[in-house]
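Hi everyone, thanks for coming. Today I'd like to walk you through one protein model, with an eye on its charged side chains. Have a look at the picture first, and then we'll start.

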Amino acid sequence: MAKKTPKNAKSNELDGKEFFAALSLIEKEKGIPKSYMLEKIAQALVSAYKRDHEGITDNVFIDANEAAGTVRMYVKKEIVEEVDNPYTEIALEEARKTLPTAQTGDVVRIEIKPRNFGRIAAQTARQVIIQGMREAEHSMIYDMFSSKEHEMLLGTVTRVDPRNGAVTLRISSNGESTDAYLAASEQVRGEVIREGDRLKVYVVEVRRSSRGPQVLISRTHPGLVKRLFELEVPEIYDGTVEIRSVAREAGSRTKLAVWSADENVDPIGACVGPKGVRVNNVVAELRSEKIDIIKYSDDPAEFVAASLSPADVISVKPLEGTKSCRVVVPDDQLSLAIGKEGQNARLAAKLTGYKIDIKSESAAYEWDEEDAAAAFQRAQEEIANAAAAAASMESSILAAFGMSSYEEAMQALAEDEAEEAAAAAEAAALEGAEAAPEETAEEADASDEA
């Protein structure tokens, strides 16, 4: 009985048309460029062949022709009389079997069939291709999300870790998706998050890692409040109103300083919106976090006074040469200005960049006493410094004369004065001794005349 011939035995050869069609499909679905994948696949085929042929060097290459729909692999060998290395050389007689005009020293291309690859080599090629695709995907995701740093994205909660409360979100941008990690420290205190919830998050940073890009997100960052207002307030989005400063204690209170170059636009009113709808939308997203909106001013005193809202302020005195100021408020407004556990004053200091010292109107005189005491202290220090300088000068002068103390100098001065006095007395005595004989002679003449 005659043996049946198989109709269409499955070939191990690489079908060029199917190959390029597959690359086009990958490019369409995953966005990985065809040229990048072709390069990685060529590297994979070369690596697979080298694994089975340890003597092979860099004489293996891939010739891919998309127009012709062919993908072929060749090894270059030099024609020699006697073969020393069969991986890089071929005998002249053997070369002339396929190329009659071959000469010694020529280089010929010998096609390699993929069906000749071993199992291990094929697995190596597969791993290289998969790794190349993974690297391309990671690179695309990193490029996409790194451009979203300091922006707000919407994510879906996929997992909540019951041990530490950390949350994993699936975030998307321009068709690309990745997992982002929201640590417990970056969550709003008291906020309950469940799987399936949709949250707006602020992208703090995007990092590269061996497992792919890491997107660090936050719900407590002040930038989230800024982005939420940009979303709700068209005047902020188009630049008519500017957010100059934000101070936030997540889950409790936020202060926002806004400004507009257009005199016809009220920056606070634009942020509040008709019947407060705009600010209420932001508050709802932040789980009822209180928001104070104030008007920014280039005048430090005016800006600090506004930042302490809702408390009334009598006066603000910036201290010259420092980033500090003194604020006087009515007696009944002191606790409101400071806030619960100092929160209002703390947020005002963060918002303005000034160190704020607050006193009630009845206690403001204490600053005058403190200033007087400080002035007295400075005067004492100046006197002490002057005395120290005088003592230092005195020591220098004494040292110049070879003396060690004031007493020694006074003793030396007294000795000098005594010596001067003795010298003067001696000089006077000598003058008296010279004048005495002359007087005696005159007296003698006078007595003779008598």
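Let's begin with a pair of charged residues, E191 and R219, both of which are buried. They form a salt bridge, and their closest N and O atoms are 2.5 Å apart. E191 lies in the loop between strand 7 (176-182) and strand 8 (198-207), while R219 lies in the loop between strand 9 (214-218) and helix 5, so this pair ties together parts that are 28 residues apart in sequence. Please keep in mind that what you see is a predicted model.

Let me step back for the overall picture. The protein has 450 residues, and 33% of them count as buried. Its secondary structure comes to 13 helices and 15 strands. If we take contacts between residues at least 6 apart in sequence, 57% of those join residues at least 24 apart. The accessible surface is about 28,200 Å², and carbon and sulfur atoms account for 50% of that area.

Now, back to the charges. As a reminder, side chains of opposite charge can pair when their charged atoms come close. How many salt bridges does the count come to? The answer is 17.

One of these joins the side chains of E151 and R227, at 4.0 Å from N to O. Here E151 sits in the loop between helix 4 (119-146) and strand 5 (152-160), and R227 sits in helix 5 (residues 222-232), so the bridge ties together parts that are 76 residues apart in sequence. Are both partners covered to a like degree? Let's take them in turn. E151 has a relative accessible area of 33%, which makes it partly exposed. R227 comes in at 19% and counts as buried, because the cut-off for that class is under 20%.

Another salt bridge links R207 with E205, with 3.4 Å between the closest N and O atoms. R207 is partly exposed at 39% relative accessibility, and E205 is partly exposed as well, at 31%. Salt bridges that share partners also join E191, K200, R219, E285 and R287 into one network, so our opening pair, E191 and R219, belongs to that network.

Next, a different arginine. Where does R326 sit? You'll find it in strand 14 (residues 324-329). R326 is buried, with a relative accessible area of 15%. Setting aside residues up to four places away in sequence, R326 touches S315, V316, K317, L319, D357, W367 and D371.

Let's follow one of those contacts, W367, which is found in helix 12 (residues 365-400). W367 is buried too, with a relative accessible area of 6%. In sequence W367 and R326 are 41 residues apart, and in space their C-alpha atoms are 9.0 Å apart. Besides R326, and leaving out neighbours within four places in sequence, W367 is in contact with V327, V328, D357, I358 and K359. D357 therefore turns up in the contacts of R326 and in those of W367.

Last stop: the surface. Which residues form a negative surface patch? They are E415, D416, E417, E419 and E420. Take E419, which is found in helix 13 (residues 406-449). E419 counts as exposed because its relative accessibility is 54%, and the cut-off is over 50%.

That's my tour, and I'm happy to go back to any part of it.

Notes. Residues are numbered from 1 along each chain as its sequence is written. This is a predicted model: local features need pLDDT of at least 70, side-chain atom pairs count only at pLDDT 80 or more; totals for chains, interfaces and linings use all residues. Side-chain values use heavy atoms; hydrogens and water are left out. Patches are made of residues with over 30% relative accessible area and no salt bridge: like charges are joined within 9 Å, nonpolar side chains (Val, Leu, Ile, Met, Phe, Trp, Tyr) within 5 Å. Accessible areas come from the Shrake-Rupley method with a 1.4 Å probe; for residues, only the protein chains shown count as cover. Lys and Arg count as positive and Asp and Glu as negative; His and the chain ends are not counted. The place of a charge is taken as NZ of Lys, CZ of Arg, CG of Asp or CD of Glu. Helices (H or I, at least four residues) and strands (E, at least two) are DSSP runs, numbered from the N terminus. Buried means under 20% relative accessible area, exposed over 50%, partly exposed in between (1.4 Å probe, protein chains only). Contact means heavy atoms within 4.5 Å.
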